[in-house]
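Q: I am new to this structure and would like to learn how to read its features one at a time. Could we look at it together?

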Amino acid sequence: KAVVSTQSTGKHSRDAEAKQLLEEAVQFADSLSLNRSLAQVACELGDYATAEKRLEMAVNSVKQGDEELLGPILTDLGQVLLLQGRTTMGIKYLQGAIDGYKNVVGTECPEYARSLNVVSVGHLMLGDSIRANRARGEAGTVLANLKKKRL
């Protein structure tokens, strides 16, 4: 038991230290990629509120003409909202990412499939297995088509 307790305390100490470093870095964050990276670190630490804040800042820092950058960020934001149990809002952001791929980037990319897979989880959380299966099926088709293109 003593060994487990020591290991647990060491992990807690490292997590607290990492969180402190994250908070210090947040003061200097203003770029899209830095905000997204900080959101990923916050998510790994289970700090979904900070992850959400950083992703919102990343969305707001996308400049006109760079709309193709929004899809992955909106997908991340939707996923963080799902992790917080804010399913309806998460699905709205995920649908925004999906619509962006359809209208701006195109649907033949792995990130589009990722957005579809994450939104399918949201639909399952709401008990809508029909929409979930439809989204997951479309994601599978996209990935299969991408695999064929590579071969």
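A: This is a predicted model, and a good place to begin is the salt bridge in which the side chains of D76 and R36 meet, at 2.7 Å from N to O. Because D76 lies in helix α4 and R36 in helix α2 (residues 32-44), the pair ties together parts that are 40 residues apart in sequence.

Q: Which of these terms, buried, partly exposed or exposed, applies to D76, and which applies to R36?
A: The general idea is that a residue counts as buried when its relative accessible area is under 20%, and as partly exposed when the value lies between that and 50%. In this case D76 is buried, because its relative accessible area is 11%, whereas R36, at 22% relative accessibility, counts as partly exposed.

Q: With which other residue does D76 meet in a salt bridge?
A: The side chains of R114 and D76 also meet in a salt bridge, with 2.8 Å from N to O. This pair links distant parts of the chain, since R114 sits in helix α6 (residues 110-125) and D76 in helix α4, 38 residues apart. R114 is partly exposed, with a relative accessible area of 22%. Salt bridges that share partners join R36, D76, E111 and R114 into one network.

Q: How many salt bridges does a search of the whole structure find, and with which residue does R86 form one?
A: The search of the whole structure finds five salt bridges. One of them is formed by R86 with E52, whose closest N and O atoms are 2.7 Å apart. R86 lies in the loop between α4 and α5 (87-105) and E52 in helix α3, so this pair ties together parts that are 34 residues apart in sequence. R86 is partly exposed, with a relative accessible area of 36%, while E52, at 11% relative accessibility, counts as buried.

Q: How should I read the packing of α3 and α4, and at what angle do they pack?
A: The angle compares the directions of two helices, and a value over 145 degrees counts as roughly antiparallel. Helix α3 (residues 48-60) and helix α4 (residues 70-83) pack at an angle of about 155°, with their axes 9 Å apart, and α3 and α4 are therefore roughly antiparallel to each other. The crossing of these two helices is left-handed.

Q: Which residues of α3 and α4 meet?
A: On the α3 side the residues are Y48, A51, E52, L55, E56, A58 and V59, and they meet L70, I73, L74, D76, L77, V80, L81 and L83 in α4. Sorted by class, the contact of α3 with α4 has twelve nonpolar, no polar and three charged residues. E52 and D76, already met in the salt bridges, are among the residues of this contact.

Q: Where does E67 lie, and what is it in contact with beyond its neighbours in sequence?
A: E67 is placed in the loop between α3 and α4, and at 35% relative accessibility it counts as partly exposed. Leaving aside the neighbours within four places in sequence, E67 is in contact with V62 and V104. E67 and G100 are 33 residues apart in sequence, and their C-alpha atoms are 8.0 Å apart in space.

Q: Is H123 buried or exposed, and which residues does H123 touch?
A: H123, which lies in helix α6, counts as buried at 9% relative accessibility. Not counting residues up to four places away in sequence, H123 touches I91, D128, R131 and A132.

Notes: Residues numbered from 1 in each chain as written. Predicted model: local features only at pLDDT ≥ 70, side-chain atom pairs only at ≥ 80, totals over all residues. Heavy atoms only, no water. Axes fitted to C-alpha atoms, helices over the stretch in contact; angles between N-to-C directions. Helix = DSSP H or I, 4+ residues; strand = E, 2+ residues; numbered from the N terminus. Parallel < 35°, antiparallel > 145°, perpendicular 65-115°, else oblique. Left-handed = near helix turned anticlockwise from the far one by under 90°. Contact = heavy atoms within 4.5 Å. Nonpolar A, V, L, I, M, F, W, Y, C, P; charged D, E, K, R; others polar. Salt bridge = Lys/Arg side-chain N within 4 Å of Asp/Glu carboxyl O. Buried < 20%, exposed > 50% of the residue type's maximum accessible area, 1.4 Å probe, protein only.
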